[in-house]
Amino acid sequence: MPRERGEKVVATNRKARHDYTIEDTFEAGLVLTGTEVKSLRAGRASLVDGYGYIDGGEAWLDAVHIPEFNQGSWNNHPVRRKRKMLLHKNEILKIHNKVKEGGYTLVPLRLYFSDGKAKVELAVAKGKREYDKRQTLRERTDKREADRAMGTHRNLGD
């Protein structure tokens, strides 16, 4: 059987980029059971309520919803269990110091397969206030309108 190549995205947390200011991102492997991997390969997962934390020098991912595998038997996995993340020790220390500093949290951005291995992209992020969210939306709409105006100007020729 040929080895899987490339990257296949299973789930993204689009709301995280709206609710948080992303400071730094990390890629971590996941320790999963067989039925969790099969369920992920079917493209079923949700990162909406998920968060990460450091406990005893280990990184954990909690509240990520991976539904039960349909063809699974009595030994199917629990839907929302804490899963161990595989990171280098210096990355764990960097994340721990940033989160301990205060105001920062560890948020999963996307869940994907990279060359056949399950990975999660984590972000050390700071929560946005309501006015920050409105300002970001305003900047995005202004940029979209400017691009649209430039495009119509380019298409008309002068």
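1. Let's start with Glu-7. In this predicted model, Glu-7 is partly exposed, with 47% of relative accessible area. Its side chain meets that of Arg-110 in a salt bridge, with N and O 2.8 Å apart. The two partners come from distant parts of the chain: Glu-7 sits in strand 1 and Arg-110 in strand 6, 103 residues apart. It is worth following this pair a little further, as salt bridges with shared partners join Glu-7, Arg-110 and Glu-121 into one network.

2. How many salt bridges are there by the rule used here? The count comes to seven. As general background, side chains of opposite charge can pair when their charged atoms come close.

3. A second bridge to look at is the one between Lys-84 and Glu-58, where the closest N and O atoms are 3.1 Å apart. This pair, too, links distant parts of the chain, with Lys-84 in strand 5 and Glu-58 in strand 4, 26 residues apart. Lys-84 has a relative accessibility of 29%, so Lys-84 counts as partly exposed. Glu-58 is also at 29% and counts as partly exposed.

4. For a bridge within one helix, go to helix 4, residues 130–156. There Lys-143 forms a salt bridge with Asp-147, and the closest N and O atoms are 3.0 Å apart. Why are the two separated by about one helical turn? Because they are four residues apart in helix 4. Lys-143 is exposed, with a relative accessible area of 53%, while Asp-147, at 44%, counts as partly exposed.

5. Now for the interior. The largest nonpolar core has 25 residues, and those with the most contacts inside it are Met-85, Leu-87, Val-120 and Leu-122. Strand 1, strand 2 (20–30), strand 4 (58–62), helix 3 (89–101), strand 6 and strand 7 (117–127) each supply at least two residues of this core. Apart from it lies another core, of five residues, including Val-107, Leu-109, Ala-123 and Ala-125. In soluble globular proteins, nonpolar side chains tend to be buried together.

6. Leu-87 is a good residue to click on if you want to see how the larger core is put together. Leaving aside residues up to four places away in sequence, Leu-87 touches Phe-26, Glu-27, Ala-28, Ala-59, Ile-92, Ile-95 and Leu-122.

7. Which residues does Ile-22 touch, not counting those up to four places away in sequence? They are Arg-17, Leu-109, Ala-123, Val-124 and Ala-125. Of these, Leu-109, Ala-123 and Ala-125 belong to the core of five residues. Ile-22 itself lies in strand 2 and, at 27% relative accessibility, counts as partly exposed. As for distance, Ile-22 and His-88 are 66 residues apart in sequence and 20 Å apart in space, C-alpha to C-alpha.

8. Finally, have a look at helix 2, residues 34–41, where Thr-35, Glu-36, Ser-39 and Leu-40 are buried. Seen down the axis of helix 2, these buried residues fall within an arc of 140°, so they line one face of the helix. And what covers them? The cover includes strand 1 (7–12), strand 5 (83–86) and strand 6 (104–114). Just after helix 2, Gly-43 takes a positive phi of about 85°.

How values were computed. Residues numbered from 1 in each chain as written. Predicted model: local features only at pLDDT ≥ 70, side-chain atom pairs only at ≥ 80, totals over all residues. Heavy atoms only, no water. Buried < 20%, exposed > 50% of the residue type's maximum accessible area, 1.4 Å probe, protein only. Arc of directions from axis to C-beta. Contact = heavy atoms within 4.5 Å. Core = buried A, V, L, I, M, F, W, Y, C linked by side-chain atoms within 4.5 Å. Salt bridge = Lys/Arg side-chain N within 4 Å of Asp/Glu carboxyl O.
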